[in-house]
Amino acid sequence: MKILKHTFIIHIPDPDLIIRTSGEEIIKLLLMQCAYSELYFTDKLWPDFHKEDFAEALDSFAHRQRRYGGI
């Protein structure tokens with residue numbers, strides 16, 4: 001993206017999965033980069049988010065059919 005060439009994140013690939021903890025269902029950062037990201041929301045707070053919770057998020061992600069903006 002043209003606008004991103006002046007930022008420090010230009011060389012970082014866009015995320016495939018964004019995990020949002022604490023029950024909040026809002027994304028305030030990286031809005032352009034997460035356009036085709038899958039979102040995973042959990043009520044767990046970050047300090048309580050453990051390996052098992054991460055594995056559950058990855059399992060959820062693995063079972064999704066990604067369309068990258070297609071119908």
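This passage describes confidence, selected residue environments and one pocket in a predicted model.

The mean pLDDT of the chain is 86, and 87% of its residues reach a value of 70 or more. Among the elements of the chain, confidence is highest in helix α1, which spans residues 51-62 and has a mean pLDDT of 98. The lowest mean among these elements, 94, belongs to β1.

Pro15 is located in the segment that precedes β1, a strand covering residues 17-20. With a relative accessible area of 24%, Pro15 is classed as partly exposed, because this value falls between the limits of 20% for buried and 50% for exposed residues. When neighbours within four places in sequence are left aside, the contacts of Pro15 are with Gln33 and Ser37. A further spatial relation links Pro15 to Leu39: the two residues are 24 positions apart along the chain, and their C-alpha atoms are separated by 10.0 Å.

Ser37, one of the contact partners of Pro15, occupies the loop between β1 and β2, the latter comprising residues 38-41. The relative accessibility of Ser37 is 11%, and the residue therefore counts as buried, the cut-off being under 20%. The pairing with Pro15 includes a polar component, in that the side chain of Ser37 reaches the backbone oxygen of Pro15 at 2.5 Å. Beyond the residues up to four places away in sequence, Ser37 touches Asp16, Ile18 and Arg66 as well as Pro15. Of these partners, Ile18 reappears in the pocket described below.

Asp53 provides a second example of a buried residue, with a relative accessibility of 12%. The position of Asp53 is within helix α1, the element with the highest mean pLDDT. Residues up to four places away in sequence again being excluded, Asp53 is in contact with Lys44 and Asp48.

Attention then turns to the empty space around the protein. Such space is revealed by rolling a probe the size of a water molecule over the atoms. The second largest pocket has a volume of about 170 Å³. Its lining is formed by Ile18, Ile19 and Arg20, together with Ile26, Ile27, Lys28, Leu29 and Leu30. Classified by residue type, this lining contains six nonpolar and two charged residues, and no polar ones. The charged members are Arg20 and Lys28. Ile18 thus has two roles in this description, as a residue touched by Ser37 and as one of the residues lining the second largest pocket.

Note on methods. Residues numbered from 1 in each chain as written. Predicted model: local features only at pLDDT ≥ 70, side-chain atom pairs only at ≥ 80, totals over all residues. Heavy atoms only, no water. Helix = DSSP H or I, 4+ residues; strand = E, 2+ residues; numbered from the N terminus. Buried < 20%, exposed > 50% of the residue type's maximum accessible area, 1.4 Å probe, protein only. Contact = heavy atoms within 4.5 Å. pLDDT = per-residue confidence, 0-100. Polar contact = N/O pair within 3.5 Å; in protein donor to acceptor, adjacent residues only side chain to side chain. 1 Å grid on protein atoms, 1.4 Å probe; cavity = no way out; pocket = protein on both sides within 12 Å on 5 of 7 lines; lining within 4 Å. Points joined across faces, edges and corners; volume = space filled by probe spheres on them.
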